[in-house]
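Reader: Could you walk me through the ligand site in this one? I'd like a close look at what surrounds the ligand and which contacts hold up by distance.

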Amino acid sequence: MKIIKAKDYVEMSRKAAYYIADQVLLKPNSVLGLATGSTPLGTYQELIQLYQNGEVSFNQVRSFNLDEYYSLGPDHPQSYRYFMDENFFNHVDVQPENTHVPDGLSPNPDAFSADYDRQITNAGGIDLQLLGIGSNGHIAFNEPGNVFIAQTRLVDLKEHTIEDNARFFDSKDEVPRQAITMGLKSILGAKRILILASGENKADAVKAMLEGPIDPNLPASILQLHPNVTLIADEAALSKAGNR
Ligand code: F6R
């Protein structure tokens, strides 16, 4: 895994935005795998800035988001579709019909998930997958102890993740208990992976991802098997990893 160090969140976001913009400049019709959460927010802001400066266009980009809370519709302010529209898609020239976020209201999540994977395959696979990392080592909503290699599917969220994400809701009780998530198989199928980490609360997970055994209890550790992964992390997130 290649590691790019950043001083802080702002520098991490800037470096990540350039990394993604480079991908799109080299291949304007790139298929991007996108993430939500606090970590990539600054990256999306930087990408919007690059777009507004005329340095990059998303006009031909197709995108597939990692996950969506099951039971939240696109109009719910905490749904990931809402997050992506508000924080990125509405501010750049991506064609709305080329953006895909799992349907949190799908009446048949199994069929929906199989179709989502088919759509990714039909688009030629993901060129660049953007990831964050949960403080328990999850990627997308592939939680510790889940089946290691799986396709897109409906999963139960761990208590730890519900507690982490409660900060976005009025109360913990409002956090959905399930999500549709891309599986590790779909994620590992990406040609390149960019994983971001910021803050001390990610330091244990980052250390285990980089140095620990490949272990379903730390889902991000499977990234050690992918030939083209870059981690951009700030000093706080790297503070527990050995010298590199
Ligand atoms: C988001 C996602 C999650 C987050 C992770 C970290 O689409 O799939 O795995 O990347 O929970 O979240 P933040 O960035 O909020 O710390």
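Author: Sure. A polar contact here is a pair of N or O atoms within 3.5 Å. Keep in mind that this is a predicted model. With that cut-off, start at Arg167: one of its polar side-chain atoms is 3.0 Å from an oxygen atom of the ligand. Taken alone, the ligand exposes 410 Å², and the protein buries 94% of that. Thr39 also makes a side-chain approach, with a polar atom 2.4 Å from a ligand oxygen atom. Ala140 does it through the backbone instead: an N or O atom there lies 2.7 Å from an oxygen atom of the ligand.

Now zoom out to the whole shell. There are 14 residues around the ligand, and the ones that come nearest are Thr39, Asp67, His138, Ala140 and Lys202. Sorted by class, the shell has seven polar, four nonpolar and three charged residues. As for the space that the ligand takes, that's the largest pocket.

One extra, on aromatic rings: the structure holds nine aromatic pairs. Take Phe64 and Tyr116, whose ring centres are 5.7 Å apart with planes at 80°, so this pair counts as edge-to-face. Phe64 belongs to strand S3 (residues 62–65) and Tyr116 to helix H4 (residues 109–122), so the pair ties together parts that are 52 residues apart in sequence.

How values were computed: Residues numbered from 1 in each chain as written. Predicted model: local features only at pLDDT ≥ 70, side-chain atom pairs only at ≥ 80, totals over all residues. Heavy atoms only, no water. Near = heavy atom within 4 Å. Polar contact = N/O pair within 3.5 Å; in protein donor to acceptor, adjacent residues only side chain to side chain. Areas by Shrake-Rupley, 256 points an atom, 1.4 Å probe, with all protein chains shown as cover. 1 Å grid on protein atoms, 1.4 Å probe; cavity = no way out; pocket = protein on both sides within 12 Å on 5 of 7 lines; lining within 4 Å. Sits in = over half its atoms within 2 Å of the grid points. Nonpolar A, V, L, I, M, F, W, Y, C, P; charged D, E, K, R; others polar. Phe/Tyr/Trp six-rings, centres within 6.5 Å; stacked < 30°, edge-to-face > 60°. Helix = DSSP H or I, 4+ residues; strand = E, 2+ residues; numbered from the N terminus.
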